[in-house]
Amino acid sequence: MTSCSKCGSVTLKQYPDQVLGTDEQTLLKADDLEAQEPKQHYKTISMDAQINRMQYLIDELRKQRALACRNRNRYAPVARLPVELISEIFRCSLSVAGDGDHKFAQSTTLPLTLGKVSSEWRSIAWGLSELWSTFHCRVSKVRYSTQAILLQEWIARSGGRPLDIRITLEDEDSWNMSGITSTHIIDVLLPHCHLWRSLDLVLPDTWYSKLENVREKLDNLTSVTIRPPGYVFILKSLNAFFNAPLLKRITSSHYYMHDLLFPWLQLTEATLGTASMDEAIEFLRRCPNLITCQFDDLNSVEGEFSMDGILHTNLQHLRIYLNIFSTLSPFLAPLTLPQLCFLDLAVAPTHPNPLNAVEDLIERSECPLKTIQITGISIKDQDIINFLVYNNAVKNVNNTISKDQDSVPHQ
């Protein structure tokens with residue numbers, strides 16, 4: 001490094017690598033890096049500022065685009081529709097959003113989706129209590145506290161209308177194994193129990209004691225669907241709905257019959273899952289006014305209740321879906337159903353021809369049975385023809401191997 005005697009400037013001499021030693025080279029490189037660091041710092045600041053300016057311009061363009069879209073949308077035909085007509089369209093969309101496979105239905109998002117379209121639609125949707133009075137909340141074990149807050153706001157927007165509620169759980173098995181004790185969701189629902197019209201509930205273990213508080217308060221409840229998480233049997237008494245004066249329809253599974261208490265004489269439609277045949281007979285005995293009844297995964301006789309004969313004078317539609325280890329005859333043998341007009345059977349492929357047991361039921365009941373559907377077993381055409389000839393009141397026998405297969409009617 002040399003200094004000019006006239007101007008005082010400093011010049012760094014360049015030495016070939018072979019002239020400088022290793023230590024000298026290292027010191028010179030360190031000096032170079034120290035000299036470059038301030039320049040790199042200033043360049044970074046400059047680039048960050050440039051990026052921020054570009055982001056500001058992008059945000060401004062987005063705002064301008066949104067404003068332009070809003071101005072353009074004012075000329076769309078839908079923008080000229082009266083608020084009353086748009087409201088009616090929103091109401092009709094409720095039935096469309098409710099279609100599909102009920103078991104795998106997603107959480108309700110219709111009002112929120114409509115609100116994203118425009119500020120006008122959001123204002124209309126937020127003010128339509130009908131859109132908020134029917135909902136499905138799929139509870140997450142990691143987000144249930146937040147969901148409870150949102151659910152409270154959701155119900156507030158329903159404006160005191162009768163509520164159609166469905167509560168399911170994500171990863172149901174984990175609710176049984178992880179010992180989750182939160183009652184946030186049921187705590188939000190309970191103060192509004194007098195508004196419940198239909199309730200579809202997967203009920204965790206810790207919610208049963210809370211549900212006891214709704215007794216004598218279910219003035220509007222007409223339908224209940226209830227089961228424990230994970231389709232696992234539970235020894236819990238279910239009597240919170242016994243005094244519901246308008247309750248007509250129930251669906252229940254994975255409970256023991258001796259733990260169930262409903263207003264039996266009121267019921268006109270019911271589905272009972274995973275019951276034994278003697279429990280199913282007892283169920284029919286308790287519900288003399290049933291018109292439609294379905295037994296899912298019906299198990300063999302366990303001997304807890306009497307299998308004595310029963311005359312049921314109101315039952316018209318009966319669906320029996322047998323467990324693969326069960327046979328039909330022991331269940332039909334005690335029954336006399338003089339009003340039966342529709343019978344739907346699902347049996348295992350190895351099950352004996354069920355038409356023999358059905359024929360005995362028809363002969364004993366003298367019922368106006370018109371249609372029989374049989375799934376799971378292939379019945380010979382000649383056997384079906386012989387059955388129809390002997391039982392001329394029956395008009396249709398539909399036989400399929402699986403529910404996905406189109407049936408072949410015999411008339």
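This is a short tour of a strand, its partners and one arginine.

Before you start clicking, note that this is a predicted model, where local features need pLDDT of at least 70, side-chain atom pairs count only at pLDDT 80 or more, and totals for chains, interfaces and linings use all residues. Residues are numbered from 1 along each chain as its sequence is written, and side-chain values use heavy atoms, leaving out hydrogens and water.

Select residues 163-169, which form strand β4. Helices (H or I, at least four residues) and strands (E, at least two) are DSSP runs, numbered from the N terminus. Seven of the seven residues of β4 are buried, so the strand is largely enclosed by the rest of the structure. Buried means under 20% relative accessible area, with a 1.4 Å probe and protein chains only.

Now show the side chains. Leu163, Ile165, Ile167 and Leu169 point one way, while Asp164, Arg166 and Thr168 point the other way. In a regular strand, side chains alternate between the two faces of the sheet.

Next, add strand β3 (residues 134-139), which pairs with β4 in the parallel sense over six bridges; two strands pair if DSSP finds at least two bridges between them. Look for cysteine 137, whose bridge partner in β4 is isoleucine 167.

Then add strand β5 (residues 196-202), which pairs with β4 in the parallel sense over five bridges. Here isoleucine 165 has leucine 199 as its bridge partner.

Last stop: arginine 227, in strand β6 (residues 223-227). Arginine 227 is buried, with a relative accessible area of 14%.

Terms used:
Buried < 20%, exposed > 50% of the residue type's maximum accessible area, 1.4 Å probe, protein only.
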